[in-house]
Amino acid sequence: MRNKLIYPYSDELLNYEFKQEHPLKPDRLKLTYLLSEQLGLLDKVKRIDATIASREQIEMYHQAEFIDAVISAGESGTPDYRHGLGTADNPIFPRMYDAASRYVGATLDAARELEKRASRAFVISGGLHHAHRSQASGFCIFNDVVLAIMYLQKKKPCKVLYVDIDAHHGDGVQNAFYNSKDVLTISMHQTGKTLFPGTGFIHEAGSGDGLGYSINIPVLPGASSTDLIEVLNEVIVPLFESYQPDLLVTQLGVDGHYLDPLAQLAYSSHGFEVVLKKLRNLASDICKIGWLAVGGGGYHPVNVARLWSLFLSIILDEKVPQKLPDEFIQIANDMGYTSFPEGMRDETEIVQQYYSREEVSLERERTVRRLKETIFPYHGL
Ligand SMILES: [Zn+2]
């Protein structure tokens, strides 16, 4: 029998809140936990408390001066723009160092369990993929993903495949491992020509030993589940099979969903479901250590709860009802969320009016063709 999936969570994670009107709302985590619990999914996992990472652990990747800057900005309330603190994206808040360290701690807790005997973990608070070595960026202070991968690789050399389907480019993770072929990063995102952080183009392919081990699939605004599934089949699956990673790490940001207020993609639950099922099966066949799934973006709290609970059910291979529980709908309403789909899955494909379907597909086909010509040869494909 397989070991239980590790699910780090504690209410203290809700203290990571920049300010009330900021899009990264703690309600995303609170509602996700609540819904997964109401669906009975948390009975199937091993929930562990999210601990605070030590300074030494954070220094595995982040510069000491930057860590000091996070501590002192939180104490003094004074902006420190050089370190990305106090900007519109990353406002300063009291005890921000503690909150950011607990986010790292949650993902490291999962990594430690994977190192022992667990083979799957889902860290809904994780996925702060924009944080850089010495700078906060895009709502991300410390990079829990980079730290978890570094932690595991330090314990025992292993090959890691990082798949990032957040609407934004996973720049922080890509940069950390740009020269390494022991971490293959694949990021599919809305093109940097139209969205933060403005990077993630095909030519960013890695350097030195890592050349060919950073893969970027930028897509046009309006890209849908069809595009997501095509990229899965044409790019992600062949690379997964040829790379034969020991560990799969996925950043499962859901800001690519059509309801999301920050990005302009149009994925639906169907596309996510196909991707998750395929990755689950590949990880179970190929990855000796297992699968570390983390959250990421997603700025419609009820939609995030709905999708991440669906994701958890897929990772666990458990069924969920068609409709959100009435009790959950009531609580979400009471919290002020009144407009959201009430099914666990989307019933129709939504076509966004940015580019036509044809333009989006043609651009995607061109991107995939170029990747196959330029990057696939590094992988014997
Ligand atoms: Zn995002």
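What radius of gyration would a compact globule with 381 residues have, and what does the protein have? A compact globule of that length would be near 21 Å, and the protein has 19 Å, which agrees. Keep in mind throughout that this is a predicted model.

**Whole chain**

Start with everything selected and the C-alpha trace shown. Along its principal axes the trace spans about 50 × 50 × 45 Å. Colour by secondary structure to find eleven helices and eight strands. If you colour by burial instead, 52% of the 381 residues count as buried. A contact map adds to this view: among contacts with a separation of 6 or more, 76% join residues 24 or more positions apart.

**Strand S8**

Now select residues 290-294, which form strand S8. Five of the five residues of S8 are buried, so this strand is largely enclosed by the rest of the structure. Two pairings of S8 can be followed from here.

**S7 beside S8**

Add residues 247-251, strand S7. S7 pairs with S8 in the parallel sense, over five bridges. To place the register, show Leu247, whose bridge partner in S8 is Gly290.

**S3 beside S8**

Next add residues 120-123, strand S3. S3 also pairs with S8 in the parallel sense, here over four bridges. Two of the links to show are Phe122 with Ala293 of S8 and Val123 with Val294 of S8.

Stay on S3 and turn on its side chains. In a regular strand the side chains alternate between the two faces of the sheet. Which residues of S3 lie on one side, and which on the other? Arg120 and Phe122 are on one side, while Ala121 and Val123 are on the other. Both faces of S3 are covered, with all of these residues buried. Phe122 and Val123, both met above as bridge partners of S8 residues, thus sit on opposite sides of S3.

**Helices H3 and H4**

Leave the strands and select residues 64-76 for helix H3 and residues 96-116 for helix H4. Two packed helices are described by the angle between their axes and the distance between the axes. For H3 and H4 the angle is about 135° and the axes are 7 Å apart. Because angles over 145 degrees would count as roughly antiparallel, that makes H3 oblique to H4.

To see where the two helices meet, show Val70, Ile71, Ala73 and Gly74 of H3 together with Met96, Tyr97 and Ala100 of H4. Coloured by residue class, this contact divides into six nonpolar residues, one polar and no charged.

Conventions. Residues are numbered from 1 along each chain as its sequence is written. This is a predicted model: local features need pLDDT of at least 70, side-chain atom pairs count only at pLDDT 80 or more; totals for chains, interfaces and linings use all residues. Axes are lines fitted to C-alpha atoms, for helices over the stretch in contact, and angles run from 0 to 180 degrees between N-to-C directions. Angles under 35 degrees count as roughly parallel, over 145 as roughly antiparallel, 65 to 115 as roughly perpendicular and the rest as oblique. Two residues are in contact if their C-beta atoms, placed from the backbone, lie within 7 Å. Ala, Val, Leu, Ile, Met, Phe, Trp, Tyr, Cys and Pro count as nonpolar, Asp, Glu, Lys and Arg as charged, and the others, Gly among them, as polar. A residue is buried if 20 or more other C-beta atoms lie within 10 Å of its own, exposed if 12 or fewer, and partly exposed in between; C-beta atoms are placed from the backbone. Two strands pair if DSSP finds at least two bridges between them. The radius of gyration is taken over C-alpha atoms; the globule rule is 2.2 Å times the number of residues to the power 0.38.
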